[in-house]
Amino acid sequence: MDNIVIRQVKMKDAYQLHKNVFFNNRLFEVKSSIQISLSNTRKKKGFRFVAVFSNEVIGNVEIIFNTHPLMKHRALIYSLVVSQNRRRCGVGKLLVDECIKLADNYGIRIVTLSVRGGTDAEKFYKSVGFKKYGELPNGIEQLWDGKQYDECLYYKHIEN
Ligand SMILES: CC(C)(COP(=O)(O)OP(=O)(O)OC[C@H]1O[C@@H](n2cnc3c(N)ncnc32)[C@H](O)[C@@H]1OP(=O)(O)O)[C@@H](O)C(=O)NCCC(=O)NCCS
């Protein structure tokens, strides 16, 4: 897939994000999450990117900076989702690359994330260079079906 644009989220993306990416969430929930993301960005606490292909929003990711005085060199990636019918086309990698580029510009040196163990998402993060540093058995429990997963913790150093 050529011509995928990665850009910061806008409030007008709410409907397409809801339709294509976060269909399990209500539209008002997606809107309020965008409001929070935009507020974080104004305060330079974090950023949210979307992937756009052919005028359709098909992916989402967020990065938030760690504000702890001893961890200001760290940031957390979360909420990475690519529209089901657009997976395995490189969109996830483009979104993560954008987060890492931004983190680098802000002087961040370590990016971390948490993922359900044994899932395709874990395979994805390994394939884009993240390394495992811990695991919390049954650390994730899905609200909607009670299913439990090990929470696997991953990191990537940003090279200067
Ligand atoms: C994880 C996710 C974001 C990956 O997005 P994507 O756009 O499909 O990923 P990419 O096309 O950039 O994949 C890059 C590489 O990751 C690996 N990869 C991605 N999906 C994979 C899968 N299902 N199985 C095995 N490897 C996979 C491959 O090495 C792939 O390269 P290749 O296609 O050339 O073999 C997507 O599967 C998704 O939205 N999953 C559901 C939400 C989720 O679990 N998010 C993570 C929350 S922590």
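This briefing describes the sheet, the helices that lie across it and the surroundings of the ligand. The model is a predicted one. Its seven strands form an open sheet with mixed pairing, and 17 residues surround the ligand. Strand 4 (74-82) and helix 3 (91-105) each give two or more residues to the shell around the ligand, and together with strand 5 they make a right-handed β-α-β unit.

**The sheet as a whole**

- The strands of the open sheet follow the order 1-2-3-4-5-7-6.
- Strand 1 (5-8) and strand 6 (131-141) stand at the edges; each has a single partner strand, so one side of each is left without a neighbour in the sheet.
- From one strand to the next, the twist averages 25°.

**Pairing between strands**

- Strands of a sheet pair through backbone hydrogen bonds, in either a parallel or an antiparallel arrangement.
- Strand 3 and strand 4 are antiparallel and pair over six bridges; Asn60 stands opposite Val81 in strand 4.
- Strand 4 and strand 5 run parallel and are joined by three bridges, with Leu76 having Thr112 in strand 5 as its bridge partner.
- Strand 6 pairs with strand 7 (residues 148-157) in the antiparallel sense over seven bridges. Ile140 has Tyr149 in strand 7 as its bridge partner.

**Helices across the sheet**

- Helix 3 lies across five strands, namely strand 1, strand 2 (46-53), strand 3 (56-65), strand 4 and strand 5 (110-116).
- The direction of helix 3 is at about 35° to strand 3.
- In the right-handed β-α-β unit, helix 3 is combined with strand 4 and strand 5, the two strands that run parallel.
- Helix 4 lies across strand 5 and strand 7, and runs at about 155° to strand 5.

**Surroundings of the ligand**

- Among the 17 residues around the ligand, the closest are Arg87, Gly92, Asp120, Ala121 and Ser127.
- Two or more residues of this shell come from each of strand 4, helix 3 and helix 4 (120-127).
- Helix 4 gives the most to the shell, with five residues.
- Sorted by class, the shell holds eight nonpolar, four polar and five charged residues.

**Links between the sheet and the ligand shell**

- Strand 4 pairs with strand 3 and with strand 5, and also gives residues to the shell around the ligand.
- Helix 4 lies across strand 5 and strand 7 and gives five residues to the shell.

Definitions and conventions: Residues are numbered from 1 along each chain as its sequence is written. This is a predicted model: local features need pLDDT of at least 70, side-chain atom pairs count only at pLDDT 80 or more; totals for chains, interfaces and linings use all residues. A residue is near a molecule or strand if its C-beta atom, placed from the backbone, lies within 6 Å of it. Helices (H or I, at least four residues) and strands (E, at least two) are DSSP runs, numbered from the N terminus. Ala, Val, Leu, Ile, Met, Phe, Trp, Tyr, Cys and Pro count as nonpolar, Asp, Glu, Lys and Arg as charged, and the others, Gly among them, as polar. Two strands pair if DSSP finds at least two bridges between them. Axes are lines fitted to C-alpha atoms, for helices over the stretch in contact, and angles run from 0 to 180 degrees between N-to-C directions. Two residues are in contact if their C-beta atoms, placed from the backbone, lie within 7 Å. A crossover is right-handed if, with the strands pointing away from the viewer, the path from the first strand over the helix to the second runs clockwise.
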